[in-house]
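Open the model in your viewer and keep the selection tool at hand. We will go from one strand to its partners, then out to some loops and on to the ligand.

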Amino acid sequence: MSVKKIQSALISVYYKDGLAPIIQELHKNGVTLYSTGGTQSFIEELGIPVIAVEDLTGYPSIFGGRVKTLHPKVFGGILHRRDLASDVEVAKQYDIPALDLVMVDLYPFEETVASGASDEDIIEKIDIGGISLIRGGAKNFNDVLIVSSRDQYAEVAAIFAAHGSTSTTLEERRRFAGKAFQVSSHYDGAIQRYFAGQTADLANYTTLPAHGLRYGENPHQQGKFYGDLAALFDKLHGKELSYNNLVDVDACLSLLDEFAETAFVIIKHMNACGVATGTTVKEAYDKALSCDPISAFGGVLATNNTVDKAAAESINPLFCEILIAPDFTEEALEILKTKKNRILLKRNQVTFPKVMFKTLLNGVLEQDKDLVMEGVEDFKTVTKRVPTDEQKRALAFALKICKHTKSNTIILANDGQLLASGVGQTSRVDALKQAIDKAKEFGFDLNGAVMASDAFFPFPDCVEIAGNAGIVAVTQPGGSIKDQDSIDYCDANDLAMVMTGIRHFKH
Ligand SMILES: NC(=O)c1ncn([C@@H]2O[C@H](COP(=O)(O)O)[C@@H](O)[C@H]2O)c1NC=O
């Protein structure tokens, strides 16, 4: 274990907080300090001697600070190999001092973008010298300790304390080099996304903020989320979001976002077990809950309107994991916060990526998200009976839920309320039978209700079973070579059917 004592350091940090103790420690250990403008003033104010980097390079900071450390005397000091005689000779020839520690805190690029600053200001916050110092220090970890963010000060202080001096081992320097390249790749990733006009780079997802989760889908699996949860939600109450919570939150918001009118969605294990629209959040919630109050237990809930006192009083008796809304009144929060663990999230408007990824086999699948949502105007009536306007609205409502439910799926609904669904079944007939059984179980009369199917009917069996249960109108994409058999059954039994031409599989 080769322990190296730091003799000299270059300090150039944007934010100066937390810097003083480490500077004092370096000074106490006789380390020669070099520094840039603002950092130099900070160190001088501590009463500690410091050499201006200008005095080392013989150049002032020029072009508004665009060039201040970019000089062979600085980079030679960092990069020359102390164990290579020819490098040491060249350093001596050009009077280049060895720099054993490089401490940098980069210009806050992401923060500047997030603040809504002008393009000009954002471009000026692309750190050039700092990122080069980081890469230089990291490359020569054999001789140099690179501290690439102010988040790392505490760890450095602990290492110095363990050694009893400002010394490091090769393993420690190598570890910090790894962190440095993580910092630089994250930084460059943010710049790349800014130029691409993207908020997130999913293909390089490890450059996104990482959230450690208690565990993955099960306690014996580790889990992490890469993404900006802080931008998406203000957490008003409750415990930390888990892996399964995040999966259900995504399912919940994806479905909710199909609705422009006041809507309420209840999700269990990625599928909707309650969906309704209403003139108030309370009305939408009450209707959504009545769909399947048993499944709603422990569910993830979301609405697209402010949760007020009346809605909160209705929701409060239900044990639910999460409630998401664009806002909550004070009275509503008072009621809802009485359950200690219930997570209350105030949702901010954030644009979601338009692509999705899935790892499988020895690779990754990428596809566009299913962003097509056909409405009444896209319906092509294929039966003699034309659905009424109310039935058309009910069919459009059912299709929204169908699109976000695991295949094979059948959705039974009326205009503004999910009545029952069959989810994730290996046959569409099974999905329909499941839906009919559930509707009966929760006391819904299916006479006059409508049915949506995620994919075409290969046989007329589904329309026959649905018609016998009281369903009066059906939507499906069409496209089976036996479409006509289903149409004939509908015509013979006075059912209406519309085709959309769009399939919504969800595996
Ligand atoms: N231009 C350069 O040569 C340069 N060298 C270091 N910096 C950055 O300047 C900042 C510190 O500046 P100051 O010490 O003047 O407050 C740090 O964020 C550091 O990453 C530079 N700035 C931008 O590239």
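Start by selecting A413 and L418: these two are bridge partners, with L418 lying in β20. This is a predicted model, so a word on confidence comes before we go further. The mean pLDDT of the protein chain is 95, and 98% of its residues reach 70 or more. The scores for the model are ipTM 0.86 and pTM 0.66.

**Stop 1: β19 and its hairpin**

Now widen the selection to β19, residues 410–414, and β20, residues 417–422. The two strands run antiparallel and are joined by five bridges. Two residues sit between them in the hairpin, and one to click on is G416, which has a positive phi near 105°.

Is β19 enclosed or open to the outside? Five of its five residues are buried, so the strand is largely enclosed by the rest of the structure. In a regular strand, side chains alternate between the two faces of the sheet. Show the side chains here and you can follow that pattern: I410, L412 and N414 point one way, while I411 and A413 point the other way, and all are buried.

**Stop 2: across to β21**

Keep β19 on screen and add β21, residues 450–453. The pairing of β19 with β21 is antiparallel, over four bridges. Two pairs help you to line the strands up: L412 has M451 as its bridge partner, and I410 stands opposite S453.

Turn the view to look at the two faces of β21. On one side are V450 and A452, on the other M451 and S453, and all of them are buried.

**Stop 3: over the helix to β22**

Next, select α19, residues 461–469, and β22, residues 473–476. Together with β21 they make a right-handed β-α-β unit. β21 and β22 run parallel, with three bridges between them; pick A452 and you will find its bridge partner T475 in β22.

**Stop 4: a cis peptide and the end of the chain**

Go back to the approach to β19. N408 lies in the loop between α17 (389–403) and β19. Most peptide bonds are trans. The one from S407 to N408, however, is cis, with omega near -10°.

Leave S407 highlighted and select K506, which lies in the segment after β23 (496–499). Which residues does K506 touch, leaving aside those up to four places away in sequence? They are H404, T405, K406, S407 and D454. You can also draw a distance from the C-alpha atom of K506 to that of G424: the separation is 8.7 Å, although the two are 82 residues apart along the chain. K506 counts as partly exposed because 18 other C-beta atoms lie within 10 Å.

**Stop 5: two positive phi values in a row**

Move to the loop between β11 (263–268) and β12 (271–277), where H269 is found. M270 is in this loop too. Most residues other than glycine have a negative phi. Here, phi is near 50° for H269 and near 75° for M270. H269 is partly exposed because it has 16 C-beta neighbours inside 10 Å; M270 has 19 and therefore falls in that class as well.

**Stop 6: the parallel sheet**

Select β2 to β6 to bring up an open sheet of five strands, in the order β4-β3-β2-β5-β6, with parallel pairing. At the edges are β4 (51–52) and β6 (145–147), each of which pairs on one side only. Within the sheet, β2 and β3 (residues 32–35) are parallel over four bridges, and L10 stands opposite Y34.

**Stop 7: the ligand**

Finally, select the ligand and the shell around it, 21 residues in total, of which G37, G38, T39, G129 and G130 are the closest. Which elements give two or more residues to this shell? They are β2 (8–13), α2 (37–45), β5 (101–105) and α8 (129–139), and α2 gives the most, with three. Colour the shell by class and you will get eight nonpolar, nine polar and four charged residues.

**Stepping back**

With the whole protein chain in view, there are 20 helices and 23 strands to explore. Of its 507 residues, 38% are buried. Among contacts between residues at least 6 apart in sequence, 53% join residues at least 24 apart.

Methods
Residues are numbered from 1 along each chain as its sequence is written. This is a predicted model: local features need pLDDT of at least 70, side-chain atom pairs count only at pLDDT 80 or more; totals for chains, interfaces and linings use all residues. A residue is near a molecule or strand if its C-beta atom, placed from the backbone, lies within 6 Å of it. Ala, Val, Leu, Ile, Met, Phe, Trp, Tyr, Cys and Pro count as nonpolar, Asp, Glu, Lys and Arg as charged, and the others, Gly among them, as polar. pLDDT is the predictor's confidence in each residue, from 0 to 100. A residue is buried if 20 or more other C-beta atoms lie within 10 Å of its own, exposed if 12 or fewer, and partly exposed in between; C-beta atoms are placed from the backbone. Two strands pair if DSSP finds at least two bridges between them. A crossover is right-handed if, with the strands pointing away from the viewer, the path from the first strand over the helix to the second runs clockwise. Two residues are in contact if their C-beta atoms, placed from the backbone, lie within 7 Å.
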